[in-house]
Structures are given as C-alpha cells and as structure tokens.
Amino acid sequence: MSNITGITRGGTPYEPTFVTALNAANCIGCGRCYKVCPRKVFELVERGEDDENYDEDEDNSMVMTLANMLDCIGCGSCSRVCPKQCHTHSPLAAGA
C-alpha cells in the first residue's frame, strides 16, 4: 500500500511524515515545538517526581507531551526546531 502524498505548489511530490513519538528523556521543555505547531499537537507539562530527569531545585522542570497526535499534519516543523531531536516521525499509509 502506498503512503499519503501531496504535491507542492511547484508541482513536486511530497510525502509528509507524521509525529509518532516524543522522547521525554531528551526533552528540555523549551517549548519550541509547541510554539511552531499549527495544530496544537503538543502540551507542556511539569515533570513528575518519579521522572528520572526531575530536579526539584530547578525552576523549570517541564517536559513536552503529545496531546493530540492525531491532529498532526506532517509538516515536520517540530523536528526542525527541536535542539535535542526528541521527535520521531513516520509516513502514514493512504487510507489509514
């Protein structure tokens, strides 16, 4: 089965890749992906005390989560702005 494809305004075929996972262990909670996402796929939340990266002395112990993964449009903006490469993307089969 083929993957979802689109065509750019210039006529070039384009295969979007959609966010499938976020590595919270690498996430520094900078919020860059949240700010560039046009579909509100992400949500910034506080790290739990059971999180190994939790530091109660740190002022900002935040981490990004996937709030609405199914709203991803496959633009890839989140990956391009992430300084820690926390996002995993993959193409989606047509008709899925």
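## Exercises: cavities, cysteines and a pocket

The largest cavity has a volume of about 100 Å³. The closest residues to its centre are Cys37, Phe42, Cys72, Cys75 and Cys78, out of 14 that line this cavity. The model is a predicted one.

**Exercise 1.** Find how many cavities of 30 Å³ or more the structure has, and describe the linings of the largest and the second largest.

*Solution.*
- Step 1. Search the whole structure. The search gives 2 cavities of 30 Å³ or more.
- Step 2. Sort the lining of the largest cavity by class. There are 8 nonpolar residues, 5 polar and 1 charged.
- Step 3. Turn to the second largest cavity. Its volume is about 80 Å³.
- Step 4. Look around the centre of the second largest cavity. Of 13 lining residues, Cys27, Cys30, Cys33, Cys82 and Cys86 lie nearest.
- Step 5. Sort this second lining too. The second largest cavity has 9 nonpolar, 3 polar and 1 charged.

**Exercise 2.** Explain why Cys72 has no disulfide bond.

*Solution.*
- Step 1. Recall the cut-off. A disulfide needs two cysteine sulfur atoms within 2.5 Å.
- Step 2. Find the closest cysteine sulfur to that of Cys72. This sulfur belongs to Cys78, and the distance is 6.3 Å.
- Step 3. Compare. The distance of 6.3 Å is too far, so Cys72 and Cys78 form no bond.
- Step 4. Repeat for Cys86. The nearest cysteine sulfur is that of Cys82, 3.9 Å away, and Cys86 is in no disulfide.
- Step 5. Widen the search to the whole structure. The number of disulfides is 0.

**Exercise 3.** Decide whether Cys72, Cys86 and His87 are buried or exposed.

*Solution.*
- Step 1. Take the cut-off: buried means under 20% relative accessible area.
- Step 2. Cys72 has 17%, so this residue is buried.
- Step 3. Cys86 has 5% and is buried.
- Step 4. His87 has 12% and is buried too.
- Step 5. Place His87 in the fold. His87 belongs to strand β6, residues 87–90.
- Step 6. List its contacts, leaving out neighbours within four places in sequence. Among them are Val19, Ala21, Leu22, Cys33 and Phe42. Cys78, Ser79 and Cys82 also touch His87.

**Exercise 4.** Describe the largest pocket by volume, lining and class.

*Solution.*
- Step 1. The volume is about 150 Å³.
- Step 2. Name the lining: Phe18, Val19, Thr20, Met69, Leu70, Cys72, Ser90, Pro91 and Leu92.
- Step 3. Find the main contributor. Strand β3, residues 18–22, gives the most, with 3 residues.
- Step 4. Sort by class. The lining holds 7 nonpolar and 2 polar residues, and no charged ones.

Definitions and conventions. Residues numbered from 1 in each chain as written. Predicted model: local features only at pLDDT ≥ 70, side-chain atom pairs only at ≥ 80, totals over all residues. Heavy atoms only, no water. Buried < 20%, exposed > 50% of the residue type's maximum accessible area, 1.4 Å probe, protein only. 1 Å grid on protein atoms, 1.4 Å probe; cavity = no way out; pocket = protein on both sides within 12 Å on 5 of 7 lines; lining within 4 Å. Points joined across faces, edges and corners; volume = space filled by probe spheres on them. Helix = DSSP H or I, 4+ residues; strand = E, 2+ residues; numbered from the N terminus. Nonpolar A, V, L, I, M, F, W, Y, C, P; charged D, E, K, R; others polar. Contact = heavy atoms within 4.5 Å.
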